[in-house]
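Dear colleague,

I am handing over the structure we talked about, and below it you will find my notes on the ligand surroundings and on the annotated positions. Please read them with the structure open beside you.

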Amino acid sequence: MLKIAPSLLSADFANLEREIKQLHSLKVDMIHLDMMDGNFVPNITFGPDQIKDLRKTTDLFFDVHMMIQNPDQFIPKIVQAGANGITIHQEATTHLHRSIQLVKDQGVKVGVALNPATSIDSLKYVLDDIDMILLMTVNPGFGGQKFIKVIVEKIKETKKMIGNRSIDLQVDGGINEITAKECIQAGANILVAGSYIFNGEKEKNIRKLKEIQF
Ligand code: DX5
Ligand code: ZN
């Protein structure tokens, strides 16, 4: 089933409660929260305290995308703050298997994210441990970047690798109604979109993503 995950990164940070309540009324499937540390990626966003406050505004699934170096130290804090799913970058942890188990021990869904230039081979030995794979379709750090087209091929290869396992395949970066269609046709089923949804009429933009046929 196709799921829409608006990224709060492009929302109005002076009015996050209002933005989240509107997304709820527009029946999105989850809220994508981008944690950045100014180290793994060249930008800084928010941490556990802010997620805890946002948690008070909705019961929507919180899909936390951790773009931070050495995520292990923050995993329990993010779960306590209200995350329902945590995605860690393969490139940001030395011991991927351990980090995955740490998330699982906290009782939330676990995803692994790969930067555009990272091979999917590193997923081979953790496939039976994860709920989601996030393929970055831009280099992480900022909203509003251009979709990297070669990743469509990577989505197809990843879909094949997943086989009949129940692993969600999420794409993030440069998603609009055109690139979303290419990703869905290649095998993706969760669309993260920031600037496309928030720049303009949210209702119309979310509807367009939901209506994509494949
Ligand atoms: C980028 C973040 C994305 C970002 C996507 O590093 O992971 O979630 O918000 O923004 P758009 O959809 O504008 O490319
Ligand atoms: Zn993201």
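Please keep in mind throughout that this is a predicted model. Sorted by residue type, the shell around ligand 1 holds eight nonpolar, twelve polar and two charged residues. In total 22 residues surround ligand 1, and the closest of them are Ser7, Pro140, Gly143, Gly194 and Ser195. As for secondary structure, at least two residues of that shell come from each of strand S2 (31-36), strand S8 (190-193) and helix H7 (195-198).

The second topic is the annotation. In an unreviewed UniProt entry, the annotation "active site" covers Asp34 and Asp172. Although these positions are spread over 139 residues of sequence, they cluster in space, with a largest C-alpha distance of 10.6 Å.

Asp34 is found in strand S2, and it counts as buried because 24 C-beta neighbours lie inside 10 Å, where 20 or more are needed. Leaving aside residues up to four places away in sequence, Asp34 touches Ser7, Leu9, Thr45, His65 and Met67; Ser7 is also listed among the closest residues to ligand 1.

Asp172, for its part, belongs to strand S7 (residues 168-172), and since 26 other C-beta atoms lie within 10 Å, Asp172 is buried as well. With residues up to four places away in sequence again left out, the contacts of Asp172 are His65, Leu134, Met136, Thr137 and Val192. His65 thus appears both in the contact list of Asp34 and in that of Asp172.

With best regards

Note on methods
Residues are numbered from 1 along each chain as its sequence is written. Chains are lettered from A and ligands numbered from 1 in the order in which they are written. This is a predicted model: local features need pLDDT of at least 70, side-chain atom pairs count only at pLDDT 80 or more; totals for chains, interfaces and linings use all residues. A residue is near a molecule or strand if its C-beta atom, placed from the backbone, lies within 6 Å of it. Helices (H or I, at least four residues) and strands (E, at least two) are DSSP runs, numbered from the N terminus. Ala, Val, Leu, Ile, Met, Phe, Trp, Tyr, Cys and Pro count as nonpolar, Asp, Glu, Lys and Arg as charged, and the others, Gly among them, as polar. UniProt positions are given in the numbering used here, feature names are shortened, and annotations may be inferred rather than shown by experiment. A residue is buried if 20 or more other C-beta atoms lie within 10 Å of its own, exposed if 12 or fewer, and partly exposed in between; C-beta atoms are placed from the backbone. Two residues are in contact if their C-beta atoms, placed from the backbone, lie within 7 Å.
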